[in-house]
Amino acid sequence: GLVGEILFNRLDTMQAEIRATRHPMFDADKLLEQVRQFSELSAAVTKEIEVRRDGEWGQRLLKDRVQVGGVMDGFMDRAHKEVSIALPMQRGAGKSADFSKPVDAEKRDMAMRYVRLVVGSRNFAAAGSFGAKQKDASEELCFYLRRYNEDVVKEMRNGENRAIAETQFHFAIALTALLFSEEEAELMRRRGKAAQAAA
């Protein structure tokens, strides 16, 4: 009983720390570590102590998981918006990437933090009760970035806003490495060099 109480107090504390995390002032690495620890500890408690769902501890654990899952659902839902601000598209039907004005570094930093959250939580999102949202966010970001990457390479080859496109290109490479792989990022680098040479 005492060990269980200590563990559940620790889970409650972790849950409270995670719930206190807010947009825009958050450290992606710190939040990932907190959620990872919470997910691992809550899974271990369920397995080792064999907590009954309808018991007092089972209800406490369920409540904590719902709270943490809700916080992370919110971050997952917002990820696409933050990336679309940092890698803007034109409005309207058949929209393509918008290179009409530069994007400031703060917006790119915010988008990077969100992408790190989505990618970094992949292995424990299900245990943290936000697996479905994490999967949706990841798929949405991958689809968006693939479209943007095509446009940014095209703009570097024969567009009017090459200087802006080149800055965006370097950021898109960093996101590609995170969301896809370092190999895909290297392929993008080569495509970018070819586009610059063609220009």
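These are my notebook entries on helix packing, buried residues, salt bridges and backbone geometry in a predicted model.

**Entry 1: helices H3 and H5**

I began with the pairing of helix H3, residues 56-86, and helix H5, residues 131-158, and found that their axes are 8 Å apart and that the helices pack at an angle of about 10°. Because angles under 35 degrees count as roughly parallel, I noted H3 as roughly parallel to H5. I then looked up which residues make the contact: on the H3 side I listed Asp-73, Met-76, Asp-77, Ala-79, His-80, Val-83 and Ser-84, and on the H5 side Lys-133, Gln-134, Ala-137, Glu-140, Leu-141 and Tyr-144. Sorted by class, this contact of H3 with H5 has six nonpolar, three polar and four charged residues.

**Entry 2: Leu-61 and Gln-15**

Staying with helix H3, I turned to Leu-61, which lies in that helix and has a relative accessible area of 4%. Since buried means under 20%, I recorded Leu-61 as buried. Leaving aside residues up to four places away in sequence, I found that Leu-61 touches Phe-8, Leu-11, Ser-42 and Thr-46. I also looked up how Leu-61 sits relative to Ala-198, which is 137 residues away along the chain, and the C-alpha atoms of the two are separated by 59 Å.

My next residue was Gln-15, placed in helix H1 and likewise buried, at a relative accessible area of 7%. Again not counting residues up to four places away in sequence, Gln-15 touches Phe-38, Asp-64, Gln-67 and Val-68. From Gln-15 to Lys-63 I noted 9.7 Å in space, C-alpha to C-alpha, although the two are 48 residues apart in sequence.

**Entry 3: Arg-113 and the loop before H2**

I wanted to know whether Arg-113, a residue of helix H4 (residues 105-120), is buried or exposed. With a relative accessible area of 15%, Arg-113 is buried. When residues up to four places away in sequence are not counted, Arg-113 touches Pro-24, Phe-26 and Ala-28. For Phe-26 I could add a polar contact, in which its backbone oxygen lies 2.6 Å from a polar atom of the Arg-113 side chain.

Pro-24, which I had just listed as touching Arg-113, lies in the loop between H1 and H2. I checked the peptide bond that joins His-23 and Pro-24, and that bond is cis, with omega about 5°. I set this beside the general pattern, in which most peptide bonds are trans.

**Entry 4: salt bridges**

How many salt bridges does the structure hold? I noted 14, and looked at several of them in turn, bearing in mind that side chains of opposite charge can pair when their charged atoms come close.

Arg-60 forms a salt bridge with Asp-12, and I recorded 2.9 Å between the closest N and O atoms. Arg-60 lies in helix H3 and Asp-12 in helix H1 (residues 2-19), so this pair ties together parts of the chain that are 48 residues apart in sequence. Asp-12 counts as partly exposed, at 26% relative accessibility.

For Arg-36 and Glu-40 I found a salt bridge with the closest N and O atoms 2.7 Å apart. These residues are four apart in helix H2 (residues 28-49), and they are therefore separated by about one helical turn. Both ends were looked up for accessibility: Arg-36 is partly exposed, with a relative accessible area of 25%, and Glu-40 is partly exposed at 46%.

The side chains of Glu-184 and Arg-146 also meet in a salt bridge, at 2.7 Å from N to O. With Glu-184 in helix H7 (residues 182-198) and Arg-146 in helix H5, 38 residues apart, I wrote this down as a link between distant parts of the chain. Glu-184 counts as partly exposed at 25% relative accessibility, and Arg-146 is partly exposed with a relative accessible area of 42%. I further noted one network made of Glu-182, Glu-186, Arg-189 and Arg-190, joined by salt bridges that share partners.

**Entry 5: Ser-129**

Last, I looked at Ser-129, in the loop between H4 and H5. This residue has a positive phi of about 70° although it is not a glycine. I added for context that most residues other than glycine have a negative phi. Ser-129 is partly exposed, with a relative accessible area of 39%.

Methods
Residues are numbered from 1 along each chain as its sequence is written. This is a predicted model: local features need pLDDT of at least 70, side-chain atom pairs count only at pLDDT 80 or more; totals for chains, interfaces and linings use all residues. Side-chain values use heavy atoms; hydrogens and water are left out. Axes are lines fitted to C-alpha atoms, for helices over the stretch in contact, and angles run from 0 to 180 degrees between N-to-C directions. Helices (H or I, at least four residues) and strands (E, at least two) are DSSP runs, numbered from the N terminus. Angles under 35 degrees count as roughly parallel, over 145 as roughly antiparallel, 65 to 115 as roughly perpendicular and the rest as oblique. Contact means heavy atoms within 4.5 Å. Ala, Val, Leu, Ile, Met, Phe, Trp, Tyr, Cys and Pro count as nonpolar, Asp, Glu, Lys and Arg as charged, and the others, Gly among them, as polar. Buried means under 20% relative accessible area, exposed over 50%, partly exposed in between (1.4 Å probe, protein chains only). A polar contact is a pair of N or O atoms within 3.5 Å; within protein, one must be able to donate a hydrogen and the other to accept it, and residues adjacent in sequence count only if both atoms are side-chain atoms. A salt bridge is a side-chain nitrogen of Lys or Arg within 4 Å of a carboxyl oxygen of Asp or Glu.
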